[in-house]
Amino acid sequence: MTEAGGERREAMAGLAKGLAILECFGEGAPRLTLAEAARRTGLSRATARRCLLTLLELGYVTHDGRHFAPQPRMLRLGYSFLSATPLPRLAQPVLEAIQAAAGEAISLAILDGVDTVFVARAAPHRMVSVGPGIGSRLPAWCSATGRVLLASLSADAIASRLAASSFEPLTHRTAAAPDEVRARIERARAAGYAACDEELELGLLSLAVPVRDLSGGVVAAMSVSTQPSRRSLEEAERDLLPLLLEGARRLSANL
């Protein structure tokens, strides 16, 4: 038996199922019924119920008799990643400096499966701030950060991620045709940045650029979020893109 085969045999199926349940919760699913959890994970109702009751006993979720909802204890899981990974810590002062110059929210995201996950952020002190918060997930195929990160992959890897994606338009401006999605990823590769103009959410305009390590590999995407009412896409590219590129260059130099 190979070492890899042995590791697979030692993997705990129960733990994997419990983590699948945890990953169900998020924006658009702040609470779930047992049936919804089972459907989202592909688990049987009995298995989903055992996982949810275990999570309830451990304090990760609450139950009101019908719906399960996440508890603050879940934050420990995300905090463990942020504490153990130097990227968010190294990025934060850079994000804050770029945010001060841009006057807009600046974020850092990494690729996780078919989504991008935001791991650091610096936002202006407005009553209402635009853009995703730390821990937010966005579909990679239609987000500026996702297009930049997908563009760094091989053709086979891109095809695999897109095959697992659901091309469901989020607004009337979302480019959801598979050929157009691939074209925008290729455009991001050629241009060195990506734009998302109200495709994720009406009133949200984002630009993203790659962040590379010393070997030249793309490890993250740095983005800026604004509103079309404040800046057009052309104005954002003129005023904000140079700041974003400088921020990515500074962070890359520290990796």
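Helices (H or I, at least four residues) and strands (E, at least two) are DSSP runs, numbered from the N terminus. A46, for one, lies in helix α4.

The model is predicted: local features need pLDDT of at least 70, side-chain atom pairs count only at pLDDT 80 or more, and totals for chains, interfaces and linings use all residues. Residues are numbered from 1 along each chain as its sequence is written, and side-chain values use heavy atoms, with hydrogens and water left out.

**Exercise 1. Take stock of the chain.**
State how many helices and strands the chain has, and what share of its residues is buried.

Solution.
- Step 1. The secondary structure comes to 11 helices and nine strands.
- Step 2. Apply the burial cut-offs: buried means under 20% relative accessible area, exposed over 50%, partly exposed in between (1.4 Å probe, protein chains only). Buried residues make up 41% of the 255 residues.
- Step 3. Turn to contacts, which means heavy atoms within 4.5 Å. Of the contacts in the chain with a separation of 6 or more, 57% come from residues 24 or more positions apart.

**Exercise 2. Describe how α2 meets α4.**
Find the angle at which the axes of α2 and α4 cross, and which residues meet.

Solution.
- Step 1. Two packed helices are described by the angle between their axes and the distance between the axes. Axes are lines fitted to C-alpha atoms, for helices over the stretch in contact, and angles run from 0 to 180 degrees between N-to-C directions.
- Step 2. The axes of α2 (residues 13–24) and α4 (residues 45–58) come within 9 Å and cross at roughly 80°. That makes α2 roughly perpendicular to α4. The classes are: under 35 degrees roughly parallel, over 145 roughly antiparallel, 65 to 115 roughly perpendicular, the rest oblique.
- Step 3. From α2, K17, G18, I21 and L22 take part; they meet T47, A48, C51, L52 and L55 of α4.

**Exercise 3. Place L34 and A46.**
Is L34 buried or exposed, and which residues does L34 touch?

Solution.
- Step 1. L34 sits in helix α3 (residues 34–41). Its relative accessible area is 17%, so L34 is buried.
- Step 2. Leaving out residues up to four places away in sequence, L34 touches R45, A48, R49, L52, R66 and F68.
- Step 3. L34 and S44 are 10 residues apart along the chain, and their C-alpha atoms are separated by 9.9 Å.
- Step 4. A46 is partly exposed, at 44% relative accessible area. Between A46 and A35, 11 residues apart in sequence, the C-alpha to C-alpha distance is 9.9 Å.

**Exercise 4. Classify two more helix pairs.**
Give the crossing angle for α6 with α11, then for α7 with α9.

Solution.
- Step 1. α6 (residues 86–102) and α11 (residues 241–254) have axes that come within 10 Å and cross at roughly 155°. The two are therefore roughly antiparallel.
- Step 2. On the α6 side, the contact is made by L87, L90, A91, V94, A97, I98, A101 and A102; on the α11 side, by L243, G247, R250, L251 and N254.
- Step 3. P93 is also found in α6. P93 is partly exposed, with a relative accessible area of 49%. The C-alpha atoms of P93 and A122 lie 8.8 Å apart, with their positions 29 residues apart along the chain.
- Step 4. The axes of α7 and α9 come within 8 Å and cross at roughly 75°. α7 is thus roughly perpendicular to α9. R147, V148, L150 and A151 of α7 make the contact with R184, I185, A188 and R189 of α9.

**Exercise 5. Analyse the aromatic pair.**
Which residues form the aromatic pair, and what is its geometry?

Solution.
- Step 1. Rings of Phe, Tyr and Trp (its six-membered ring) pair if their centres lie within 6.5 Å; planes under 30 degrees apart count as stacked, over 60 as edge-to-face and the rest as tilted.
- Step 2. The structure holds one aromatic pair. W141 and F167 form it, edge-to-face, at 5.1 Å centre to centre and 85° between the planes.
- Step 3. The pair links distant parts of the chain, 26 residues apart: W141 is in the loop between β6 (137–139) and α7 (144–151), F167 in the loop between α8 (155–163) and α9 (178–191).
- Step 4. W141 counts as buried at 3% relative accessibility, whereas F167 is partly exposed at 25%.
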